[in-house]
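Subject: Structure for your examination

Dear colleague,

Please find below the structure that I am handing over to you. I should be grateful if you would read the notes that come after it with the structure open before you.

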Amino acid sequence: MTGTADDDRGTFSHIALFYRSPREYLDSICPFVSDSVVAGFPVLVAVPEPNLSLLRDSLPRGIAEGVTLADMSQVGRNPGHILGGVMGMFAAGHPSGRVRMVGEPVWKDRSEQEYPACVQHEALANQAFTGRDITLLCPYDATQLGSDILLDAEITHPRLDGAGHPERTSVGFAPEAAWARYNEPLPSSPTAASYTLNRLADLSAARAFSARYARWFGFSAADIADLQLIVNELASNSLQHGSGPCTVALWETDGQLICQVRDSGYLADPMAGRWPLRLDDHQGRGLFVVNATADLVRIHSAVTGTTVQAHLRMREPA
């Protein structure tokens, strides 16, 4: 059975739970949640529908009232925002004592574009919560997800459970290698429109450029405002912390507008933009805002330069 409320005192425990049916899902997660609530621990459950409703309907009323429930397909639509904006914020709200969380970042409808960001999220969780008395249980549907996805889960989680096997240590645990494998060059578009910024005074013109481009594709005023915010934050970050000028590139594909910012600098900290914001934060604020605004953020950083791509879906007709 998955770890109880008294396991792993004083240490971060990151467990991949492989389940094969709704019954197995409930038999593992409900006791974990119930034991934690009874013990007085703060509990967050962030899973996609229909699993969220399944858990909500199966937990006893007194237990469910003591749990923070969230639809991961909404709050975690961008995997890069899960650590900082969902789990990190919950953990930061309980800075002392034990915290228990269930987080399901991967499901069968995750796109090929989103999946690498999911793996990097899982890999970085091991760094984000080191030293905290936190247990994070991550369910994976062993019947719907491919064998390569399940293997990645073994690589990003030090402990494994479920799918007919007792809880065990992952012999393949190598989160840094998993993160590096998905730090891959990002595809661009030959039809992209581009704008080069040389100084912070160019930001206003870059925002106007992005607004004109988005209007061509019928994006609403709200979507355009989000895009301008993303352009401003990424470009200003690049100019302040990068090396030399940066280039903004925009293109539309499959109902999404992709905003790419590239410079010749190197982003050394993979946790940038993934920590919960504090009032005294001066680093990572721009990337945090972008992660919170965009539907997907992908980053490729190498000694030759850093590329950030933010995806925005068209939410409303103009």
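The notes below treat two helix pairs, a pocket, the cavities and two points of the backbone. Please bear in mind throughout that this is a predicted model.

Helices α1 and α2

The axes of α1 and α2 approach to within 11 Å and cross at roughly 60 degrees. At that angle α1 counts as oblique to α2, because it is neither under 35 degrees nor in the range of 65 to 115 degrees. The crossing of these two helices is right-handed. On the α1 side, the contact is formed by Pro 22, Tyr 25, Leu 26, Ile 29 and Cys 30. On the α2 side, Asn 51, Leu 54, Leu 55 and Ser 58 take part. Sorted by class, the residues of this contact comprise seven nonpolar and two polar, with no charged residue.

The second largest pocket

Helices α1 (22-38) and α2 (51-58) also appear in the lining of the second largest pocket, as the elements that give two or more residues to it. The volume of this pocket is about 410 Å³. Its lining consists of 20 residues, and those nearest the centre are Tyr 19, Glu 49, Pro 50, Asn 51 and Asp 141. Nine residues of the lining are nonpolar, five are polar and six are charged. Asn 51 therefore deserves a second look in the viewer: it belongs to the contact of α1 with α2, and it is also among the residues nearest the centre of the pocket.Two points of the backbone

Which peptide bond is cis? The bond from Glu 49 to Pro 50 is cis, with omega near 5 degrees. Pro 50 sits in the loop between β2 (43-47) and α2. Both Glu 49 and Pro 50 are among the residues nearest the centre of the second largest pocket.

The other point is Asp 254, which is not a glycine and yet has a positive phi of about 50 degrees. Asp 254 is placed in the loop between β9 (246-253) and β10 (256-263). As background to both points, most residues other than glycine have a negative phi, and most peptide bonds are trans.

Helices α6 and α7

The axes of helix α6 (residues 115-128) and helix α7 (residues 147-156) come within 9 Å, with a crossing angle of roughly 20 degrees. Since angles under 35 degrees count as roughly parallel, α6 is roughly parallel to α7. Their crossing is right-handed. From α6, the residues that make the contact are Tyr 115, Val 119, Glu 122, Ala 123 and Asn 126. From α7, they are Asp 148, Ile 149, Asp 152 and Thr 156. Four residues of this contact are nonpolar, two are polar and three are charged.

The cavities

How many cavities of 30 Å³ or more does a search of the whole structure find? The search finds two. The largest cavity holds about 170 Å³ of space. It is lined by 15 residues, with Gln 120, Trp 179, Pro 270, Arg 274 and Ile 299 nearest its centre. Helix α6 and strand β11 (296-302) are the elements that give two or more residues to this lining. The most comes from β11, which gives four residues. By class, the lining of the largest cavity has seven nonpolar, five polar and three charged residues.

Yours sincerely,

A colleague

Notes
Residues numbered from 1 in each chain as written. Predicted model: local features only at pLDDT ≥ 70, side-chain atom pairs only at ≥ 80, totals over all residues. Heavy atoms only, no water. Axes fitted to C-alpha atoms, helices over the stretch in contact; angles between N-to-C directions. Parallel < 35°, antiparallel > 145°, perpendicular 65-115°, else oblique. Left-handed = near helix turned anticlockwise from the far one by under 90°. Contact = heavy atoms within 4.5 Å. Nonpolar A, V, L, I, M, F, W, Y, C, P; charged D, E, K, R; others polar. 1 Å grid on protein atoms, 1.4 Å probe; cavity = no way out; pocket = protein on both sides within 12 Å on 5 of 7 lines; lining within 4 Å. Points joined across faces, edges and corners; volume = space filled by probe spheres on them.
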